[in-house]
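Visitor: Before we start, may I ask you to justify each label you use, value by value?
Guide: Gladly; please have the sequence and the structure open.

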Amino acid sequence: MKSILFLTLVAIGFLSLQTGTPPALSGASGAPTSVADTVKTDPETGLAVDNNLALVRTHCTGCHSTKLIRQNRFTRDGWKQKIRWMQRTQKLWDLGEAEPAVLDYLTKYYGPDDKPFDGRRLPLRTDRWHAMN
Ligand code: HEC
């Protein structure tokens, strides 16, 4: 009799664990993105999927997390200056013929899409929402 009670309790406990599991968060790959939801992101790098992604992977993912890219917003000229800075101080190589395509990509997905309004700061960006049950 005792063992039946025990098994029943175990079963109830198990069932409540099952139903109590929160739904998987989208973006569970752990790669927060700030890119608009309509843009597909590469699960490995968290970067926006695009024809130029391969180039960007080649030139921009060897030294640091792509988070440095994803969390920034610069104009084309701003990105160019960052590249020049890394070339001057961080041993980044000459991107050669790839540079315009890399800049196209960076400006398209990580450009200053939100313009400051009325001199106020930009809205806070939320990289990850938590499920509310
Ligand atoms: C040769 C190594 C190397 C490569 C390749 C590289 N970076 Fe960097 N980058 C660095 C280093 C080192 C830093 C400074 C990291 C830190 O501050 O922790 C940095 C910082 C940055 C930052 C932050 C700059 C800031 O002002 O905070 C951005 C954005 C960035 N890199 C983008 C890129 C992009 C885009 C590419 C591809 C074109 C790239 N990186 C390729 C070495 C590299």
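Visitor: What makes certain atoms the ones by which the iron atom of the ligand is coordinated?
Guide: The iron atom of the ligand is coordinated by NE2 of His 64 and SD of Met 86, at 2.0 Å, and donors are N, O and S atoms within 2.8 Å of the metal (3.2 Å for Na, K and Ca), with the caution that water is not among the atoms, so sites may look incomplete. This is a predicted model, in which local features need pLDDT of at least 70 and side-chain atom pairs count only at pLDDT 80 or more, while totals for chains, interfaces and linings use all residues. Residues are numbered from 1 along each chain as its sequence is written, and side-chain values use heavy atoms, with hydrogens and water left out.

Visitor: Why is the site of the iron atom called octahedral?
Guide: The site has six donor atoms, with angles of 86 to 180° among them, and six donors count as octahedral if opposite donors are over 155 degrees apart and all others between 65 and 115; on that test the site is octahedral. His 64 lies in the loop between helix 2 and helix 3 (67-70) and Met 86 in helix 4, so the pair ties together parts that are 22 residues apart in sequence. Helices here are DSSP runs (H or I, at least four residues), numbered from the N terminus.

Visitor: Why does His 64 count as partly exposed, and Thr 66 as buried?
Guide: Buried means under 20% relative accessible area, exposed over 50%, and partly exposed in between (1.4 Å probe, protein chains only). His 64 has 27% relative accessibility and therefore counts as partly exposed, whereas Thr 66, at 8%, counts as buried. Thr 66 is found in the loop between helix 2 and helix 3 and, leaving aside its neighbours within four places in sequence, is in contact (heavy atoms within 4.5 Å) with Thr 45, Leu 47 and Thr 61.

Visitor: How do you know that the length of helix 4 agrees with what it should span?
Guide: The expected span of a helix is 1.5 Å times one less than its number of residues; the 14 residues of helix 4 should therefore span 20 Å, and its end C-alpha atoms are 20 Å apart, which agrees. The buried residues of helix 4 are Gly 78, Trp 79 and Ile 83, and they cover an arc of only 140° around the axis, which puts them on the same side of helix 4; the arc is that of the directions from the helix axis to the C-beta atoms. These buried residues pack against helix 3 and helix 5.

Visitor: What makes Lys 91 exposed, and what is its phi?
Guide: Lys 91 counts as exposed because its relative accessibility is 78%. Just after helix 4, Lys 91 takes a positive phi of about 65°, in a residue other than glycine.

Visitor: Why are the buried residues of helix 2 said to line one face?
Guide: In helix 2, Leu 53, Val 56, His 59 and Cys 60 are buried; seen down the axis, they fall within an arc of 135°, so they line one face of the helix. On the other side of helix 2, Ala 54 and Thr 58 are exposed.

Visitor: What makes a set of residues the largest nonpolar core?
Guide: A nonpolar core is a set of buried Ala, Val, Leu, Ile, Met, Phe, Trp, Tyr and Cys residues joined through side-chain atoms within 4.5 Å. The largest has 17 residues, and those with the most contacts inside it include Leu 47, Ile 69 and Tyr 105. Helix 5 gives the most to this core, with six residues.

Note on methods
Helices (H or I, at least four residues) and strands (E, at least two) are DSSP runs, numbered from the N terminus. Four donors count as tetrahedral if all angles lie between 85 and 135 degrees; four count as square planar and six as octahedral if opposite donors are over 155 degrees apart and all others between 65 and 115; anything else is irregular.
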